Structures are given as C-alpha cells and as structure tokens.
Amino acid sequence: MRLARPLLTVVLATLTAATAVVLAPLSSAWAGNGTLWINGKRHQNPSGCYSLKQGPLSATNRTNTAAVVYEGGRCNHRILGAVGPDQRGAWERAGSIYIN
C-alpha cells in the first residue's frame, strides 16, 4: 500500500517528535544550553514552555537538545513536530514550543 506524501510527512514528524520527547530527559543535564530563536526572538539558555499566539511559528534551535512544537498554547494538545539541535523548522499554525 502506497502512502500519500502528506500522510507520510505527518507520520515522520510525529515519530521525530515522539523520539525527542522520549530522549529529552536523558539530556537534561545539558538541556537548553545555547540559543532558541522563536519567530525572530532570541531566548538564551531556554527552558520550559514558550506560549505563542496561535499562528505561524518559525524556530531555529542552536541548543544541544530538541524543542517540541505543540498545537495548544500551554505545551499541550497535539504534538506538531520537533526542532532538533542545530535545525530549523516552520509551521503554519502552532500554539507553543517546549524545550527541556
């Protein structure tokens, strides 16, 4: 059975986010060292949940741990994806981003 491209993208993003959530506690001793850019705003040595107005999200992760993007405004509801260390990501609609 051949999966449609959008469905495959969602599945891969969900697996990536789930892996980041599982592995985040393993790296807590070094969590958030560096800079996380959220919609052009710099967060030095970030930690915790960053709520956004529901809308577009652009994130550049220059830390040593993954950041997880959520649909809800309090790092809740559905996981939309993750931004690994030294990676960038963009979503059309997101509510919050969490980094440990």
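So, the hairpin: E1 and E2 form one, with two residues between them, and Asn39 in the turn has a positive phi of about 50 degrees. Keep in mind that this is a predicted model. E1 and E2 pair in the antiparallel sense, over four bridges. If you want one rung of that ladder to click on, take Ile38, whose bridge partner in E2 is Lys41.

Let me stay on Asn39 for a second. Asn39 sits in the loop between E1 and E2, and its positive phi turns up although the residue is not a glycine. As a reminder, most residues other than glycine have a negative phi. Is Asn39 buried or exposed? Neither, quite: Asn39 comes out as partly exposed, at a relative accessible area of 41%.

There's another residue like that. Asp86 also has a positive phi, near 60 degrees, and is a residue other than glycine. Where does Asp86 lie? In the loop between E5 and E6. Asp86 counts as exposed, because its relative accessibility is 56% and the cut-off for exposed is over 50%.

Okay, zooming out. The protein has one helix and six strands, and going from the N terminus the elements read α-β-β-β-β-β-β. The strands make an open sheet of six, in the order E2-E1-E3-E6-E4-E5, with antiparallel pairing. E2, residues 41-44, and E5 are the edge strands, so to speak: each of them pairs on one side only, which is how an edge strand shows up when pairing takes at least two bridges. On average, neighbouring strands in this sheet are turned by 40 degrees against each other, if you ignore direction. And the general picture for any sheet is that strands pair through backbone hydrogen bonds, either parallel or antiparallel.

Back to E1, on its other pairing. E1 and E3 run antiparallel and are joined by four bridges. Leu36 stands opposite Asn61 in E3, and Ile38 has Ala59 as its bridge partner in E3. So Ile38 is a handy residue to centre your view on: Lys41 is its partner in E2, and Ala59 its partner in E3.

While we're in E3, have a look at Thr60, which lies in that strand. Thr60 counts as buried because its relative accessibility is 17%, and the cut-off is under 20%. What does Thr60 touch, leaving aside neighbours within four places in sequence? Thr35, Leu36, Trp37, Gln87 and Arg88.

Now the core. The largest nonpolar core has 13 residues, and the ones with the most contacts inside it are Ile38, Leu57, Val69, Trp91, Ala94 and Ile97. E1 at 35-38, E3, E4, E5 and E6 at 87-99 each supply at least two residues of this core. Which strand gives the largest share? That's E6, with four residues. None of this is odd as a pattern: in soluble globular proteins, nonpolar side chains tend to be buried together.

Val69 is a good one to pick out of that core. Setting aside its neighbours within four places in sequence, Val69 is in contact with Leu57, Arg78, Ile79, Leu80, Gly81, Val83, Trp91, Ala94, Ser96 and Ile97.

Next up, the disulfide. How many are there? The count comes to one. Cys49 and Cys75 form that disulfide, with their sulfur atoms 2.1 Å apart. The link between Cys49 and Cys75 is right-handed, with 100 degrees about the S-S bond. The pair joins distant parts of the chain: Cys49 is in strand E3, residues 48-62, and Cys75 is in the loop between E4 at 67-70 and E5 at 79-83, 26 residues apart. The two ends also sit differently with respect to the surface: Cys49 is partly exposed, with a relative accessible area of 37%, whereas Cys75 is buried, at 17%.

Last, some whole-protein numbers. Buried residues make up 40% of the 100 residues. If you take contacts between residues at least 6 apart in sequence, 59% of them join residues at least 24 apart. As for surface, the protein exposes about 6300 Å², and carbon and sulfur atoms supply 56% of that.

Definitions and conventions
Residues are numbered from 1 along each chain as its sequence is written. This is a predicted model: local features need pLDDT of at least 70, side-chain atom pairs count only at pLDDT 80 or more; totals for chains, interfaces and linings use all residues. Side-chain values use heavy atoms; hydrogens and water are left out. A disulfide is a pair of cysteine sulfur atoms within 2.5 Å. Buried means under 20% relative accessible area, exposed over 50%, partly exposed in between (1.4 Å probe, protein chains only). A nonpolar core is a set of buried Ala, Val, Leu, Ile, Met, Phe, Trp, Tyr and Cys residues joined through side-chain atoms within 4.5 Å. Contact means heavy atoms within 4.5 Å. Axes are lines fitted to C-alpha atoms, for helices over the stretch in contact, and angles run from 0 to 180 degrees between N-to-C directions. Accessible areas come from the Shrake-Rupley method with a 1.4 Å probe; for residues, only the protein chains shown count as cover.
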